[in-house]
Amino acid sequence: MNDRGDWRRGLALREAGVYYALLLLLGILAALAAARGLPPYLGAVNLGNIAYQASLVGIMGVAMTVLLITGSFDLSVGSVAALSAAVLVGLAPGIGFPAAAGAALCTAAAIGLFNGVVVQFAGINAFIVTLGTLTAVRGLVLILTDGRSLMVDDPAVLAQMLAFESTPVPLFWPLLILAALVIAGGVVRRRPVPVAGGAALAALALAGGPGFAVAAPVVYCAVLTAILWAVLRFTVLGRRLYAVGGNAEAARLAGVNVHAYKLAAFILSSVAAGFAGVLFGCRLGAINPTALQGAELTVIAAAILGGTSLFGGAGSVVKTLAGALLLFTLANGFNILDLGANYQGLIEGVVVIAAAAIYTVGSRRPARRPMRGSVAA
């Protein structure tokens with residue numbers, strides 16, 4: 001395919017739809033805010049707040065995307081995150097923050113291992129297994145908390161937790177350097193989306209000024225996304241993950257250990273949920289039994305908005321992150337413009353269905369007119 005074909009494909013609705021939707025939503029909310037005389041919606045402070053609010057779902061979402069690529073999914077991530085937060089908050093005053101955080105992550109990894117073993121070796125559908133785990137783990141949260149809120153009452157430990165979660169990270173120069181690298185990579189590979197993304201990063205850094213900083217979870221989410229993107233895009237491991245989800249039997253005949261890859265994806269998803277739970281516990285210094293209830297659906301919605309297939313073999317962690325930002329931009333817009341939270345769930349649901357419809361319709365066109373494609377953005 002020629003250069004024009006590459007650029008046209010990169011700008012197609014199926015490839016860049018989630019980015020268009022995010023930019024369109026930001027433009028609409030900025031115009032509404034300006035019309036009402038509110039402070040600039042696209043200011044660095046508000047954009048940083050959106051990224052902060054989306055960071056926990058983003059962390060769980062990019063790991064969930066890897067699991068979805070392998071052809072499985074996990075409904076228990078919200079409960080796993082809540083359990084990890086409960087373990088952290090319950091143990092931190094006694095054994096200290098680092099050891100409690102390690103215990104929380106090990107707990108999450110054990111649940112991911114259990115899910116993977118039952119799904120892969122017992123042959124039970126992932127939906128049924130993780131639905132059961134969702135309920136059972138939420139029950140463990142109730143047992144650990146005894147049905148009431150727990151909180152960290154040791155000031156020194158609480159200070160460590162807050163420092164881990166809330167320390168602002170200066171991003172002006174790192175964002176400018178990253179933007180230059182992304183733009184250069186997009187130009188070399190003749191991909192318009194990275195070029196536009198790099199320009200957006202540079203604009204964000206310049207809008208924030210030399211003092212621009214974000215909370216630590218935003219950086220954790222960005223680093224995890226970058227690592228997983230690089231693994232999926234440039235390594236044999238990533239290609240095998242796509243192969244396992246695309247056609248597990250063909251991958252097995254090609255010598256790929258399908259069970260090992262799917263098991264690792266389950267563990268990764270649970271550990272990421274556990275890390276999000278640790279951040280949640282550090283953010284509040286407390287946990288209640290209903291915390292993060294329903295978060296698993298938001299995580300899966302972010303992946304769907306990013307175009308990840310529920311049947312495996314296709315997906316992009318960068319687009320999942322954009323999907324998470326889209327969902328939390330909606331929530332942020334409703335709060336800032338005081339549009340009424342009663343409509344928020346309805347509109348978010350319509351957005352997810354519309355995105356799934358667009359990707360489904362778009363996926364039928366290449367079957368009639370085959371084009372050279374890639375597996376990851």
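These legends walk through several close-up views of a predicted model.

Local features are described where pLDDT is at least 70 and side-chain atom pairs where pLDDT is 80 or more, while totals for chains, interfaces and linings use all residues. Residues are numbered from 1 along each chain as its sequence is written, and side-chain values use heavy atoms, with hydrogens and water left out.

**View 1. Helix α3 packs against helix α15.**
Helices here are DSSP runs of H or I with at least four residues, strands are runs of E with at least two, and both are numbered from the N terminus. Helix α3 covers residues 44-69 and helix α15 covers residues 317-337; they pack at about 140 degrees, with their axes 8 Å apart. Axes are lines fitted to C-alpha atoms, for helices over the stretch in contact, and angles run from 0 to 180 degrees between N-to-C directions. The angle makes α3 oblique to α15; under 35 degrees would count as roughly parallel, over 145 as roughly antiparallel, 65 to 115 as roughly perpendicular, and the rest as oblique. The contact (heavy atoms within 4.5 Å) involves residues of α3 including Asn46, Ile50, Val57 and Val66, and residues of α15 including Val317, Leu321, Phe328 and Ile336. The crossing of α3 past α15 is right-handed, a term for a near helix turned clockwise from the far one by less than a right angle, with anticlockwise giving left-handed.

**View 2. Gly61 sits within α3.**
Find Gly61 in helix α3. Gly61 has a relative accessible area of 0% and is therefore buried; buried means under 20%, exposed over 50%, and partly exposed in between, with a 1.4 Å probe and protein chains only. Setting aside neighbours within four places in sequence, Gly61 is in contact with Val299 and Thr320. For a sense of scale, the C-alpha atoms of Gly61 and Asp153 are separated by 31 Å, and these residues are 92 apart along the chain.

**View 3. Helices α3 and α13 run alongside each other.**
The axes of α3 and α13 come within 7 Å and cross at roughly 170 degrees. That angle makes α3 roughly antiparallel to α13. Among the residues that meet here are Tyr52, Leu56, Met60 and Met64 in α3, together with Phe266, Leu268, Phe275 and Phe280 in α13. Ala273, another residue to pick out, is in helix α13. With 0% relative accessibility, Ala273 counts as buried. Apart from neighbours within four places in sequence, Ala273 is in contact with Met60, Val77, Val80 and Ala81. Ala273 and Val219 lie 16 Å apart, C-alpha to C-alpha, and 54 residues apart in sequence.

**View 4. Helix α6 has a buried side and exposed residues on the other.**
Helix α6 spans residues 126-145; at 1.5 Å a residue, its 20 residues should span 28 Å, and its end C-alpha atoms are indeed 28 Å apart. The expected span is 1.5 Å times one less than the number of residues. Buried residues of α6 include Val129, Leu134, Val137, Arg138 and Val141. The buried residues cover an arc of only 160 degrees around the axis, so they sit on the same side of α6; the arc is that of the directions from the helix axis to the C-beta atoms. On the other side, Ile128, Thr135 and Ile143 are exposed. The buried residues pack against α4 (77-95), α5 (97-121), β1 (150-151), α13 (258-284) and α14 (295-305).

**View 5. Asp146 and Leu292 show positive phi values in two loops.**
Most residues other than glycine have a negative phi. Asp146, in the loop between α6 and β1, has a positive phi of about 60 degrees. Asp146 counts as exposed, at 58% relative accessibility. Leu292, in the loop between β4 (286-287) and α14, has a positive phi near 65 degrees. Leu292 counts as buried, at 18% relative accessibility.

**View 6. Helix α14 is mostly covered.**
Nine of the 11 residues of α14 are buried, among them Glu296, Val299, Ile300 and Leu305. Just after α14, Gly307 takes a positive phi of about 85 degrees.

**View 7. Helix α9 turns one face inward.**
Pro192, Gly198, Ala202 and Ala205 of α9 are buried. Seen down the axis of α9, the buried residues fall within an arc of 155 degrees, so they line one face of the helix. The 17 residues of α9 (192-208) should span 24 Å at 1.5 Å a residue, which agrees with the 24 Å between its end C-alpha atoms. Gly209 follows α9 and has a positive phi near 80 degrees.
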